[in-house]
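Student: Please take one part of this model and go through it closely: the lining of the largest pocket. Then follow the chain outward from there.

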Amino acid sequence: MADARRATPMLEVRGLDVYYGSSHALQGVDLTLESGVLSVVGRNGMGKTTLCKTIMGLVRARGGSVRLAGENLLSLGPAHIARLGVGYVPQGRRLWRSLSVDEHLHMVAGMRRGAWTVERLYDTFPRLAERRSNGGAQLSGGEQQMLAIARALVTNPRLLIMDEPTEGLAPVIVAQVEDMLVRIGDEGDIAVLVIEQNIGVATAVSKTVAIMVNGRVNRLIEASRLASDRELRQRLLGVGRHAAEPDNAAAAAGDAMTPPTAPRPAGQAPRRVYVSNPMVPTRWSQPVPIARIEANARVLSTGVANFEDAARARRAAAPARSSGPPAVLVVGTLDTKGDELRFIRDIVSGSGLRTRLVDVSTSGKLSSCDVSAQEIALNHPRGGGAVFGPDRGTSVTAMAEAFANWLRRQGDVVGVISAGGSGGASLVAPAMRALPIGLPKLIVSSVASGDVAPYVGPADITMMYSVTDVQGLNAISRQVLANGAHALVGMVKARLAQGPADAQTLRGGLPAVGLTMFGVTTPAVQQIAAGLRADYECLVFHATGVGGRSMEKLVESALLAGVIDLTTTEVCDLLVGGVFPATEDRFGAAIRTRLPYVGSVGALDMVNFGAPDTVPERYRGRQLHAHNPQVTLMRTSADENERVGRWIGERLNRMDGPVRFFLPEGGVSALDAPGQPFWDPAADAALFRALDQTVRQTSNRQLIRLRHHINEPAFCAAIVAAFRSLVGRPGARRRVGR
């Protein structure tokens with residue numbers, strides 16, 4: 001019976017006939033959607049919106065059937081159909097002007113129980129959360145479309161129907177909608193029928209596209225074929241340019257465009273223009289046979305130019321203007337450190353490298369430079385007014401954010417160097433930390449002889465102690481600043497001579513995988529690394545707070561092929577108050593990059609403190625274990641494990657990439673085993689239960705329980721197998737290729 005249920009399509013339309021008076025709008029439409037996303041495309045007036053309205057019960061059919069998971073919908077009203085699990089995003093959004101965003105969502109929330117809650121939708125669409133009190137008429141077009149989609153999703157549908165979801169939207173919003181459709185399709189919990197005139201969106205979100213012509217589904221076609229074949233799109237849809245257009249192969253090879261008035265080169269096939277409807281279609285027209293369309297195709301005259309298209313093609317063929325050679329940024333507060341920064345700039349430029357002098361002063365004074373502080377300040381979300389204010393601390397923080405935003409938009413940076421005190425380092429360090437691993441970055445500062453962790457964090461920032469304060473040029477400062485400048489020049493030139501380097505070339509062709517480890521999970525990590533070593537470079541990170549951040553920095557820098565986050569113990573220290581805490585952004589890199597993620601609950605049985613006398617007074621009565629004279633471990637309680645499980649589960653829910661998270665029921669660390677000091681099945685059960693209750697499992701996001709200890713070979717073998725299933729065996733493929 002279970003197999004039979006799975007074989008039933010989510011949507012099945014058979015022989016659907018719909019009339020508007022005597023006009024035959026839908027003519028025997030047949031359509032099947034098993035699961036995932038199906039796009040329906042066609043020119044205006046072909047019956048696409050009528051199909052949506054008929055499925056929703058807003059238009060009555062005269063014949064045929066519409067079934068949702070086997071249940072016929074044609075005799076039901078729209079409210080009943082919605083309660084059965086059909087969500088509808090109508091063309092034109094259809095919002096209530098007088099209702100706020102929050103009222104729109106809460107009015108239909110709870111219609112069906114499921115994973116989509118108002119809170120989850122606010123997480124998915126942060127802009128709606130910001131505008132929750134605004135009425136429908138006070139939203140932009142993109143915000144209205146987000147709300148229309150959210151209103152449908154909060155009903156937790158089994159089938160989501162979206163009629164022209166990207167119509168009239170800005171390209172950036174179109175990309176967001178497209179991205180969301182792909183994610184919903186990958187999760188597999190909701191089947192989606194998308195009506196779309198944007199061929200790019202339709203083919204990006206669906207593997208198969210249905211083409212409607214004159215009230216009928218003319219054919220189903222692979223999305224990849226439709227997207228890549230312009231001639232096919234012209235034949236079937238009458239879309240695409242019908243005039244002079246450069247040949248794709250020639251354009252790819254960089255050939256100059258043939259002028260529109262030039263004769264066609266010998267051997268080149270004539271360009272043909274297809275019209276899908278040679279005669280003006282009506283509601284009772286029959287589909288035009290493909291043979292007739294091809295027979296009526298006209299050959300493009302080589303002597304007639306479409307000047308707009310020709311001009312567009314010439315502009316496309318011209319090489320893009322570069323902003324210049326790659327540059328080293330010399331950054332600092334020019335109002336107080338101008339002489340020192342220009343001294344560095346002159347050494348770097350004297351080596352033959354291009355430089356750009358960037359001012360991040362917060363005084364508002366003007367300085368001669370390549371990029372002014374005023375220009376940088378405009379990159380703050382609230383504009384320059386948020387940067388130049390009376391409070392220096394607030395101004396420094398705001399300028400640091402503005403500089404990070406500005407630097408993120410620069411595409412020609414090969415190195416960054418700065419000099420200054422604690423304020424100067426605080427201004428530039430956040431932006432440097434956001435740069436990819438490997439790009440040279442150096443700070444000369446008076447704070448470099450102390451604790452530099454707040455400045456360096458998980459990044460490969462080089463900090464050089466200035467010896468004297470960076471306050472004027474003298475015999476000492478000249479030597480130190482020159483050493484810093486020459487060091488950066490050496491790093492940059494070596495990197496440029498090496499050429500573009502990615503994760504695989506730096507390791508002889510092996511892609512890298514990041515693994516997190518603690519002493520109590522070392523046996524597991526060693527076994528997993530041994531199982532992957534033939535195909536992957538295994539990079540192990542000690543889970544001491546900065547270790548997890550360092551691994552995630554490599555994820556953000558696109559230097560890892562995947563992550564095996566076996567040891568997530570840093571979350572315990574974050575939530576309970578240990579000395580090796582994660583940040584609130586733990587798991588954020590995997591969320592943002594969608595990198596394949598395999599994780600587990602390694603060492604979540606403990607919180608780390610220093611020597612015994614450093615354990616906080618409130619924990620003195622707890623179960624403690626001396627790991628060594630400098631590290632004291634505290635066993636987590638059931639309540640603490642429940643908090644940790646919910647915290648991790650909420651972040652797993654935000655991961656859209658493939659996720660496999662393993663729960664070892666035999667124990668989560670070497671100390672959590674029968675006869676060991678931290679063996680506490682009840683506390684572990686609270687952790688597993690919280691994860692079970694929090695994680696929204698889909699085909700792409702799975703919790704996997706195993707009756708093994710985390711360090712047992714069987715558990716490690718399961719981790720390796722799961723990782724290979726998500727990422728594959730690149731080493732094996734490469735050897736076969738040779």
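Tutor: Start with the chemistry of the lining of the largest pocket: 15 residues are charged, nine are nonpolar and five are polar (nonpolar: Ala, Val, Leu, Ile, Met, Phe, Trp, Tyr, Cys, Pro; charged: Asp, Glu, Lys, Arg; polar: the others, Gly among them). This is a predicted model, where local features need pLDDT of at least 70 and side-chain atom pairs count only at pLDDT 80 or more, while totals for chains, interfaces and linings use all residues. Residues are numbered from 1 along each chain as its sequence is written, and side-chain values use heavy atoms, with hydrogens and water left out.

Now the volume. The largest pocket holds about 730 Å³ (the space filled by probe spheres on grid points joined across faces, edges and corners). Its lining has 29 residues, and the closest to the pocket centre are D123, T124, R183, R654 and D656. A pocket here is an open set of points on a 1 Å grid over the protein atoms alone, where a 1.4 Å probe fits, with protein on both sides within 12 Å along at least five of seven lines; lining residues have an atom within 4 Å of a point.

Which helices build this lining? At least two residues each come from α5 (118-124), α6 (126-130), α7 (141-153), α8 (171-187), α24 (588-593) and α25 (638-653). Helices are DSSP runs of H or I with at least four residues, strands runs of E with at least two, numbered from the N terminus. The biggest contributor to the lining is α8, with seven residues.

Step back along the chain from α8. The loop between β7 (159-163) and α8 contains E164. E164 is not a glycine, yet its phi is positive, about 50°. With a relative accessible area of 6%, E164 is buried (under 20%; exposed is over 50%, partly exposed in between, with a 1.4 Å probe and protein chains only).

Set A558 beside E164. A558 is not a glycine either, and its phi is positive too, about 60°. A558 sits in the loop between α22 (546-556) and β20 (562-565). Its relative accessibility is 59%, so A558 counts as exposed.

One last stop is H627. H627 belongs to strand β23, residues 624-628. H627 is partly exposed because its relative accessibility is 44%. G519 lies 108 residues from H627 along the chain, and 9.6 Å separates their C-alpha atoms.

To recap the pocket: α8 gives the most to the lining, and D123, T124, R183, R654 and D656 are the lining residues closest to the centre.
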